[in-house]
Amino acid sequence: MAKVLVVTSGKGGVGKTTTTAALGAALAQRGDRVVVVDFDVGLRNLDLVMGAERRVVFDLINVVQGVAKLPQALIRDKRLENLWLLPASQTRDKDALTEEGVGKVIADLRGRFDWVICDSPAGIERGASMAMRFADEAVIVTNPEVSSVRDSDRIIGMLDSKTVRAEKGERVEKHILITRYDPSRAARGEMLTIDDILEILATPLLGIIPESQDVLKASNVGTPVTLSNADGAPARAYLDAARRLCGDTVPMQVPAERKGFMDRLLRRRAA
Amino acid sequence: MEAAAKPQRQMVRLRGRSYVAFVFVPTVPIQDWLQEIDATIARSPGFFAGRPVVVDLSSVDLSQSGIGHLLTSLQDRNIRVLGIEGVEEARLTPMMPPLLSGGRSCVVEQSAPKKAETKAETKADAKPTSLLLDSPVRSGQTVIFPDGDITILGSVGSGAEVVAGGSIHIYGALRGRAMAGVNGHTSARIYCQKIEAELLAIDGFYQTADDIDDALRGRPAQAFLQGNTMRITALY
């Protein structure tokens with residue numbers, strides 16, 4: 001049974017696209033058939049993060065409008081054979097998304113894949129509402145700061161009222177994914193704590209992704225972080241999150257500040 | 001009145017204040033008019049209970065005994081007459097309510113509560129007087145319930161709004177705005193298990209987050225009106 005998963009946040013720059021790519025790759029690495037769909041029409045990024053920008057011919061809008069057939073627009077990942085991308089259009093805007101058209105595309109994708117992961121644009125307007133409209137599950141990407149948490153709260157409210165499932169009286173299963181978590185800043189009390197975030201959002205936690213250079217590097221070379229450096233802390237955190245999405249019980253790792261031998265030595269000197 | 005005030009040493013402060021009263025304009029035949037009143041009472045018992053009523057006699061020509069009879073009939077129906085209008089003072093006895101003048105009509109204000117009251121009275125059983133929500137109120141959501149209390153099992157997020165005609169009870173943290181007693185209900189209160197509110201308002205009197213004592217933040221608290229000031233106190 002295919003699952004439609006929306007990756008959303010409200011706020012921009014929190015890591016939705018990175019998360020979409022990483023979770024998509026992680027689920028594909030497990031052997032599931034996965035498609036990642038870019039809903040950020042006009043400001044597409046997912047093709048770059050997936051490293052498929054040179055192979056885009058047709059896009060989501062073409063399929064929604066019936067200009068192209070779905071298989072023509074799907075781009076197969078070069079590294080994982082069961083990972084696919086449906087890119088957004090860069091030349092159009094979000095008004096080109098019609099509910100009927102998006103519904104048809106999503107229904108078609110449900111028949112072909114195990115996971116349909118929709119990368120939502122920032123904001124709460126048409127693009128974001130279309131991305132979440134047909135979702136069965138949602139990953140709400142949140143940074144440990146008040147503005148991001150409040151926007152996430154707003155998005156959760158929309159997931160509970162504006163999705164097809166909500167309108168039928170069913171539930172969209174929601175998960176919080178905390179990204180850009182900086183253990184050293186957390187230790188100094190400069191960020192919201194995990195407990196604060198979960199108390200405010202009253203939604204179960206899917207994972208905590210530490211702030212890391214790995215993520216930036218992976219985006220720049222166009223590889224999902226779970227593929228570029230599979231042993232790094234962010235990759236492991238994303239792989240664990242993917243396992244939890246599949247229903248596995250994986251103990252939650254709260255990233256802690258790692259103090260190496262040299263750090264301790266230097267600190268002692270400095271003091 | 002002044003004569004009564006003078007012998008006392010104590011200062012007697014006399015203040016003017018205006019109130020809205022129902023004005024009855026009896027028409028002839030008085031018996032039919034009384035039947036009309038009876039019909040209203042039958043539709044909504046207690047409609048006139050405790051309400052100030054003024055009788056305007058300008059459209060009827062009643063003798064002193066006629067006026068006395070009318071007043072007794074109204075008294076029998078539990079309608080208390082506060083004053084009389086539209087008749088020469090000579091026709092009234094000292095035992096009757098005083099003659100009033102200078103009344104101004106305020107039709108709109110008077111008829112609106114009248115209608116609302118009739119509805120509330122007749123549909124009292126059908127219409128719920130409280131609203132229960134068993135999920136958190138998220139940022140950007142607004143809950144409005146002008147007919148009574150709102151109870152929320154969960155938190156009210158920053159940027160969310162709860163508006164109630166009566167009191168607001170929040171079994172969780174209040175991080176957004178809560179406005180109670182919006183229909184002029186001054187005894188409405190706001191209760192929450194954790195106060196981190198952006199704004200609290202009762203019957204139009206409000207306080208923003210800045211006004212809330214830091215010592216109360218994060219604690220269970222209630223807000224209520226004391227005269228014209230809002231008080232926020234810890235609950236336990």
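Q222(B) is buried, with a relative accessible area of 13%, which puts it below the 20% cut-off for that label. This residue belongs to strand β13 of chain B, which covers residues 221-226. The model you are looking at is a predicted one. From Q222(B), this briefing moves on to the meeting of chains B and A, and then to a helix of chain A.

**Around Q222(B)**

- The side chain of Q222(B) makes a polar contact with the side chain of R189(B), at 2.8 Å.
- R189(B) also appears among the contacts of Q222(B) once neighbours within four places in sequence are set aside, together with I190(B) and Y191(B).
- The rest of that contact list is R231(B), I232(B), T233(B) and L235(B).

**Where chain B meets chain A**

- Chain B brings 13 residues to the contact, and chain A brings 11 residues.
- Between them the two chains bury about 860 Å², with 39% of it on carbon and sulfur atoms.
- On the chain B side, R138(B), S139(B) and R175(B) provide 61% of the area that this chain buries against chain A, more than any other three residues.
- Across this interface there are 4 salt bridges, and 8 residue pairs are in polar contact, both residues being at pLDDT 80 or more.
- Sorted by class, the side of chain B that touches chain A holds 3 nonpolar, 6 polar and 4 charged residues.
- A salt bridge links R138(B) to D153(A), and their closest N and O atoms are 3.0 Å apart.

**Helix α7 of chain A**

- D153(A), the partner of R138(B) in that salt bridge, is one of the buried residues in α7(A).
- The helix runs over residues 146-159, so 14 residues in total, and spans 20 Å from first C-alpha to last, close to the 20 Å expected at 1.5 Å a residue.
- Other buried residues of α7(A) include S148(A), V149(A), S152(A), I155(A) and I156(A).
- Towards the end of the list come G157(A), M158(A) and L159(A), which are buried as well.
- The cover over these buried residues includes the strands β1 (3-8), β6 (137-142) and β7 (173-181) of chain A.
- Helices also take part in that cover, among them α6 (126-133), α8 (164-167) and α10 (194-201) of chain A.

**I200(A), touching both chains**

- I200(A) sits in helix α10 of chain A.
- Its C-alpha lies 9.9 Å from that of S152(A), although the two are 48 residues apart in sequence.
- Leaving out neighbours within four places in sequence, I200(A) contacts V149(A) and D153(A) in its own chain, and R138(B) and R175(B) in chain B.

Terms used:
Residues are numbered from 1 along each chain as its sequence is written. Chains are lettered from A and ligands numbered from 1 in the order in which they are written. This is a predicted model: local features need pLDDT of at least 70, side-chain atom pairs count only at pLDDT 80 or more; totals for chains, interfaces and linings use all residues. Side-chain values use heavy atoms; hydrogens and water are left out. Contact means heavy atoms within 4.5 Å. Buried area is the accessible area (1.4 Å probe) that two parts lose on being put together, summed over both. A salt bridge is a side-chain nitrogen of Lys or Arg within 4 Å of a carboxyl oxygen of Asp or Glu. A polar contact is a pair of N or O atoms within 3.5 Å; within protein, one must be able to donate a hydrogen and the other to accept it, and residues adjacent in sequence count only if both atoms are side-chain atoms. Ala, Val, Leu, Ile, Met, Phe, Trp, Tyr, Cys and Pro count as nonpolar, Asp, Glu, Lys and Arg as charged, and the others, Gly among them, as polar. Helices (H or I, at least four residues) and strands (E, at least two) are DSSP runs, numbered from the N terminus. Buried means under 20% relative accessible area, exposed over 50%, partly exposed in between (1.4 Å probe, protein chains only).
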